[in-house]
Each structure stands twice: as C-alpha cells, then as structure tokens.
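Me: I'm new to reading protein models and I'd like a close look at one part of this one: the salt bridges. Could you walk me through them slowly and then show me how they sit within the chains?

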Amino acid sequence: MAFVSAHGLTKTYRAKSGPVHALDGLDIEIEQGTVRGLLGPNGAGKTTTVKVLSTLLRPDGGQAFVAGVDVLADPAEVRRRIGASGQYAAVDERLTARENLLMVGRLYHLGSRRSRERAEELLHAFDLVEAADRPLKGFSGGMRRRVDLAGALVINPPVLFLDEPTTGLDPQARLGLWDVIRERAAEGTTVLLTTQYLEEADQLADQISVIDRGKVIAEGTADELKASVGGRRVQVTLVNESDAPRVAGILERHGRGPADVSGRGVTVQVENATLALRSALAEIDDAGIDIHEAGVRRPTLDDVFLTLTGHGAVDDDMEAAQ
Amino acid sequence: MTTTGMNPDTTIALDPGRTAVRDWFTDVHAVTMRNLTRLKRSPDVIGFALLQPIMFVLLFSQVYGGAIRVEGSNYTEFLMAGIFAQTVIFGSTISGSYMAEDIRDGIIDRFRSLPMAPSAVLVARSLSDFILNIVSITVMLCTGFLVGWRFREGVLDFVLGLLLLLVFAWAFSWVMIFIGLSVKSPETLNQAVFIILFPLTFISNAFVPSDTLPTVLRVIAEWNPISALVQAVRKLFGNLGDMPAPEVWPMQHPVPTVLVGIAVVLLVFPPLAVRKFRRKQV
C-alpha cells in the first residue's frame, strides 16, 4: 500500500473573477522511501496539494492518508510524522539557527534536553555550527533554506514535504540541498517535493507527477515522461529572429506536428533525426538563412510540459511566491 | 503511541512521560520565549513602547499642566491614569501586528504543521505583550514619580489599579490577535489601529475632563470603554481630586464596569481567535 496517498481531492477558492478550482479531483500515491516530484505550472495546485497533505488546509472533498494515518480524521497524529519546509512553512529570521531548531524540537515535544542535543546534531550535519548563534536575518538565502530544511528534519520524520525547497538559491547552494534530500531518501524517508525547476525533479525524483488545473495529467519516471512525448527533436538557433516563421515552416515539413518557436530557437519533433536534420538544413541553406547552430536532442521535461499542458513550465512561476 | 507507519530506525521517539497538559505548557513556553527573543531583537518596537509613554508624560504634564485646571488636584496627577491606559492599549496592538506578520512570513504555517496546540500560539502571543506592558508600566511609574505624580489611596488600591490596567490590556490583546488573524497584511492592521484607536483614546477622559467637551463628544467620552478604564484607575490611584463623576452608570461605577468588560471580551475573543486560527485547517 502507498505510504502517502490522496484520492479525489477537491478545493475551490472564490476569486473576484469567479471560482478557482485549485484541486479538481487530484489522485496521488507515493511508495515508502521514494521521492515524488510534483511538477506543474503556476496555479496548477502543487502547493495546495502539499498543504492538504501536511494538514494545513482542509480540502472540500476527497481522502488523504499519510504514513498510514487518515489526514482528515486524525490530523494531530499526522503532524507527529511529518516535517515540512519551503515557501509556506518558514524559519524565524530574527532567531538564530540554534534557537529555531531548539524551538521546533520543543514543539515536537522532544523534551528540552533532547531538543538541545538534536539542534546540535543538525547544526553539525548542515554545516551551520559557526553561524549558529547569529540571527538568520543577515544570512544568505542558501543558509536560511538549510536551517529551514534542518527544522523539517528535527524528528527525522518518516514523511517529508518540501515546497520549492531551492527556489531563489544559487547553483552551489542548490546542489548542497539536493545532497541532503538524496541522503534522507536513501535513509528511507518518503519525500514529496514541489519544484519549478524541471532539472530538480529530473535529478531528485524517483517518480514525477505532472499536475495542471488541479489534476494529475501524467505520471512516471523522468525517462518515461520524456519517452511519452515522442522521440528526438531537431533544434535550430537562428542569427536573426525575423527568420523564425520561415524556418518553422521548413522544420514542420520535415518533422511531426507544429514547430515551437522561442526567440531565435525553433524546435520540431521528428521521426528520423539524422535524415530530418540533414534535409532541413539543406533547405534552410537554399533559402539563404543564416543559423548559429543546429542539432538533435532528446526531449526534456520542458517538452513534456509543453506537450501535456500546452504551455511552458517557467512562464509565471514567481507569482506563487506572493 | 503506536509506531505503525514510522520507520523505527530513524524517527526519533517522543518523550514518553508526556501528558497533554504538560505539552500545552511546553508549547506556550517555547513560543513565548520565541516572541520575547524576537522583541528583544527589535529595538525599534521596544524603543517606541518605552519612549512613547515617557514622551507623553513629559509633553502633556509640562505643556498642558498650567492650562488645564483640575479641581482639588493637579493636571499631572489627573493625566497619569490616562497615559497609563493609552500606553497599555497601544502596547496590546503589538499582538495584532506581530500575528499578522507571522502569518505573512510563514511562521504560523510552520506552527500549524507541528504537533502543537493551536491555542498555545495565541496564548503565548498575548503573554508576550503582557510582559512588554509590565515593562512599559514600570517605566511610566518612574517617569510619573519624577514629574510629581503620587498615588493617594494606599498601596493596595494602587496595586489593584495596576492589575486592572494589565488585565484590561491582556484582554484587549485578544481582540487585537483576532483582528491580526483577520487582516490581509500587517500594514492594513497598523493603519486600522491608528484610525480607530487614536480618536478612541482622545475622545475620552484620558487627557481632559470629559465635561469640558462639546455635547456629542462628551456623550461618546462618557460611554467610551477607555474612559471607564481611566476613571477606574484614577479612582484606585486617588487622582480624581474633587471632580464629580459624570452622571452615567459606567462613570459612577468604573471598576465593576471594567471588570464586566474584561469578562465579556475574554468570553468572546479567545474562542473566536482560536477558531480563526484553525480556520480552513484540517
């Protein structure tokens, strides 16, 4: 049986423009000890899903179970088995790292001595010892996120919810957090992770659920999802953006389906990559169009997004942070 | 507690000697300490909370001291209860803005996802401001003594007067917590507080005897709950002089009026606030 599961979750918000179906019959099942990536465009229902599973939001309908406990019937018991971190469950920036962790330990009712020991362990594990006694306010985003994640791990919970854990971090800090998350998963923690970085889901998640408009629209490993949207792509980068429509027309004759134009880049899905590339390039050359580069690539999760939802992944992501 | 669903190797076992009551006190203590630490690191808030009463005592007693006559007493003595009341009431509004700030910053969601009592977060909030109010009352007492204010009804009544102020402020902080949970942003709250509380404290007997006000304002002032508090404290401090109390029931019986008011607020607002806090949550 799945360790974390939800069935038929619905949640509707009233907005000025009419009702918004944040969740519209969402189903998800996560096996114990695996990392599940929740991917979707902004407003797809990622954060709402995590909020329901971590007892912060009551759904209008549906059922949810976390670590064998019914979320709606016994939320208090669920809270003893989860850790949450991310854009909505934050650290207190006026407290130090140590004070934050100590407080969280006491609120899990570890007792004050055990809370102190645990805070100490986590400060070491997250490389926070030197900065442990200064208020977080003055520190980088990466450091605050580390404290935030450490806070979610105070009891080493069997289930971990991470809502966009690396948003706004520099690449190095992001890699550091990835290591921690991988380590937890290797220890058997079940992780549900939302992210706006396709690469992050690709790197961390055993399984990915793509959600859009409050529903899961595709599920599988990163490779399965990529395979599901067909084969390779021919991609051409132009010197002049104004040539894009003509090149799109040419690529469409050699590929399957419509070409995707994004700035000076034009991409089309193809059957036989080498043949299509060769003949398309010849035609572009005949038309006297200058190109920067051209090549064949495997589909990315961006293509998955585009194909499944009809829009890209990172178009208006920052809205969710408001 | 059952271990079903936990991975027994890594999850940290909870303290076995726990009871729900002990957990609740732990929660209140942990969050109160957090609030006080936060306050300690906000010198602007502390500075305002302490300097404002000093400034008001000095300004009013020195500027209006000669202009406003109080029968059988003097303006400085008359003024102090008003400043006390104003200060603790404004002190309690911190509860509201901090609550709204914690919601905005995601701290409240962190608390909500932990296995703690929701009421503990709110009780801790009100306690933190209670403690801040004790500090600012102490500062005001010292300033008052310096400018010549004295209490004249004995130590017991004096202490009762201080307690009445503190408990009124504590009850009022529940109103502010409820409002803090209801507004969209801390800024909204701060503006609302200014627009509502400033007139409310000024259209009262806090700074001038209410019978000097024009009729409409005088009626408002006589029925203003802040006036009842000020009148009660003035009475307990023995700072009323020879002034007759206005002919309305709350002014004739200020102490019972304030006690009933406190009781009503405490019956209504803490449950409302807890409900608001848990709203929408599972």
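Reply: Let's pin down the term before anything else: a salt bridge here is a side-chain nitrogen of Lys or Arg within 4 Å of a carboxyl oxygen of Asp or Glu. Keep in mind that you're looking at a predicted model. Counted over all chains, the structure holds 34 salt bridges.

Start inside chain A. A:Lys11 pairs with A:Asp60, and their closest N and O atoms are 3.7 Å apart. Now find the two ends: A:Lys11 sits in strand β1 (residues 4–15), while A:Asp60 is in the loop between α1 (46–53) and β4 (61–66), so this bridge ties together parts of chain A that are 49 residues apart in sequence. Is A:Lys11 buried or exposed? It counts as buried, because its relative accessibility is 8% and the cut-off for buried is under 20%.

Next, hop across to the other chain. A:Arg94 and B:Glu101 meet through their side chains in a salt bridge, 3.7 Å from N to O. A:Arg94 belongs to the loop between β6 (82–86) and α3 (97–107) of chain A, and B:Glu101 belongs to helix α3 (residues 75–104) of chain B, so this pair joins two chains. B:Glu101 is buried too, with a relative accessible area of 15%.

That pair has company. A:Arg94 and B:Glu101 are part of a network of salt bridges that also links A:Asp92, B:Arg34, B:Arg38 and B:Asp102.

Back in chain A, have a look at A:Glu120 and A:Arg98, whose side chains form a salt bridge with an N to O distance of 2.5 Å. A:Glu120 lies in helix α4 (residues 112–125) and A:Arg98 in helix α3, so the pair ties together parts of chain A that are 22 residues apart in sequence. Both ends are partly exposed: A:Glu120 has a relative accessible area of 28%, and A:Arg98 has one of 25%.

Now zoom out to the chains that hold these pairs. Chain A has 11 helices and 14 strands, whereas chain B has 11 helices and 0 strands. Of the 322 residues in chain A, 52% are buried; in chain B, buried residues make up 52% of 282. As for charges, chain A carries 37 positive and 48 negative ones, with their mean positions 6 Å apart. Chain B has 22 positive and 19 negative side chains, and the centres of those two sets also lie 6 Å apart.

You saw bridges tying together separate stretches of sequence, so here are the contacts in general. Taking contacts between residues at least 6 apart in sequence, 68% of those in chain A join residues at least 24 apart. For chain B, that share is 80%.

Finally, a word on the surface. Chain A has an accessible surface of about 13,800 Å², and 47% of it belongs to carbon and sulfur atoms. Chain B exposes about 12,600 Å², with carbon and sulfur atoms supplying 69%. Chain B also shows you something without salt bridges: B:Val155, B:Leu156, B:Val159, B:Leu160 and B:Leu163 form a nonpolar surface patch with about 460 Å² of accessible area together. One of them, B:Leu156, is in helix α6 (residues 155–182) of chain B, and this residue counts as exposed because its relative accessibility is 63%.

Definitions and conventions. Residues are numbered from 1 along each chain as its sequence is written. Chains are lettered from A and ligands numbered from 1 in the order in which they are written. This is a predicted model: local features need pLDDT of at least 70, side-chain atom pairs count only at pLDDT 80 or more; totals for chains, interfaces and linings use all residues. Side-chain values use heavy atoms; hydrogens and water are left out. Patches are made of residues with over 30% relative accessible area and no salt bridge: like charges are joined within 9 Å, nonpolar side chains (Val, Leu, Ile, Met, Phe, Trp, Tyr) within 5 Å. Accessible areas come from the Shrake-Rupley method with a 1.4 Å probe; for residues, only the protein chains shown count as cover. Helices (H or I, at least four residues) and strands (E, at least two) are DSSP runs, numbered from the N terminus. Buried means under 20% relative accessible area, exposed over 50%, partly exposed in between (1.4 Å probe, protein chains only). Contact means heavy atoms within 4.5 Å. Lys and Arg count as positive and Asp and Glu as negative; His and the chain ends are not counted. The place of a charge is taken as NZ of Lys, CZ of Arg, CG of Asp or CD of Glu.
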